[in-house]
Amino acid sequence: MKVVIVGGVAGGASAAARIRRLDEHAQVIMIERSGYVSYANCGLPYYVGGVIKEQEELTLQTPESFWDRFRIDVRVRQEVTAINPAEKNVTVRALDSGKSYTETYDKLLLAPGAKPTVPALSGVDSERVFTLRTVEDEHTIRYKKNLPINAEVETELKECADSSREWDSKMEHLLHILT
């Protein structure tokens, strides 16, 4: 049996490992759009904030370690662009080269994750406003983290945790300060 898994973070990686435990002969291919697999995405804010110090504490597996431990073919920086259920294949585009290929499957598992929801507020397009969903997002934030954040923003962020104000008004106030 050949299984293709679209998505390699929590759901996809867990499913891949479980499939391997259930069938040691299955051919398992995991395709992940980002450059990282099986990482603790709930730990990303702690890494940005410096509570988690080393990236290795966050990114517990690599494509190589997945192969060594589970014999699972992990393909990072590749994106499934089409699914053809009648033919039982997916079209995959390698993000680094732009080249596309077709991969067949007996079983297909979709675990692509989600997109961050960005509220429709003025100022969200500022270079000082970020979404955090992937390790790459974390790298962008850390790289740009030296943007000046004034004491008012810092105070507002601390108050947001216990404030009774509605979420949208909190975000609008923060965006006003940042922009």
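## A first look

The accessible surface of this protein comes to about 11100 Å², and 51% of that area belongs to carbon and sulfur atoms. The model you see is a predicted one. Of its 179 residues, 36% are buried.

To find your way around, it helps to know that the protein has seven helices and nine strands. Among the contacts with a separation of 6 or more, 53% join residues that sit 24 or more positions apart in the chain.

## The four-stranded sheet

Let us begin with a sheet. Four strands form an open sheet in the order E5-E2-E1-E9, and their pairing is parallel. Its edge strands are E5 (73-76) and E9, each of which pairs on one side only. From one strand to the next, the twist averages 15°.

In general, the strands of a sheet pair through backbone hydrogen bonds, in either a parallel or an antiparallel way. Here, E2 and E5 pair in the parallel sense over four bridges. If you would like a spot to look at, methionine 30 stands opposite valine 74 in E5.

## Helix H1

Next comes helix H1, which lies across E1, E2 and E9 and runs at about 175° to E2. H1 has 13 residues, and the distance from its first C-alpha to its last is 18 Å, close to the 18 Å expected at 1.5 Å a residue.

Which residues of H1 are buried? They are Gly12, Ala13, Ala15, Ala16, Ala17, Ile19 and Arg20. These buried residues pack against E1, E2, strand E3 (37-39), H4 and strand E9 (107-110).

## Two nonpolar cores

The largest nonpolar core holds 14 residues, and those touching the most other members are Ile5, Ala16, Val28, Met30, Phe66 and Ile72. Two or more residues each come from strand E1 (2-6), helix H1 (10-22), strand E2 (27-32) and helix H4 (63-70). H1 gives the largest share of this core, four residues. Apart from this core lies another one of eight residues, including Ile31, Val80, Val90 and Tyr105.

Valine 28 is a good residue to visit in the largest core. What does valine 28 touch, leaving aside residues up to four places away in sequence? Its partners are Val3, Ile5, Ala16, Ile19, Arg20, Ile72 and Asp73. Two of these names may look familiar: Ile19 and Arg20 are also among the buried residues of H1.

## Two loop residues with positive phi

Most residues other than glycine have a negative phi. Arginine 77 has a positive value, with phi near 55°, and is not a glycine. Where is arginine 77 found? Look in the loop between E5 and strand E6 (78-84). Arginine 77 counts as partly exposed because its relative accessibility is 33%, which falls between the 20% and 50% cut-offs for buried and exposed.

Lysine 88 is another case: its phi is positive, at about 55°, although this residue is not a glycine. The place of lysine 88 is in the loop between E6 and strand E7 (89-94). With a relative accessible area of 39%, lysine 88 is partly exposed too.

Methods. Residues are numbered from 1 along each chain as its sequence is written. This is a predicted model: local features need pLDDT of at least 70, side-chain atom pairs count only at pLDDT 80 or more; totals for chains, interfaces and linings use all residues. Side-chain values use heavy atoms; hydrogens and water are left out. A nonpolar core is a set of buried Ala, Val, Leu, Ile, Met, Phe, Trp, Tyr and Cys residues joined through side-chain atoms within 4.5 Å. Buried means under 20% relative accessible area, exposed over 50%, partly exposed in between (1.4 Å probe, protein chains only). Contact means heavy atoms within 4.5 Å. The expected span of a helix is 1.5 Å times one less than its number of residues. Two strands pair if DSSP finds at least two bridges between them. Axes are lines fitted to C-alpha atoms, for helices over the stretch in contact, and angles run from 0 to 180 degrees between N-to-C directions. Accessible areas come from the Shrake-Rupley method with a 1.4 Å probe; for residues, only the protein chains shown count as cover.
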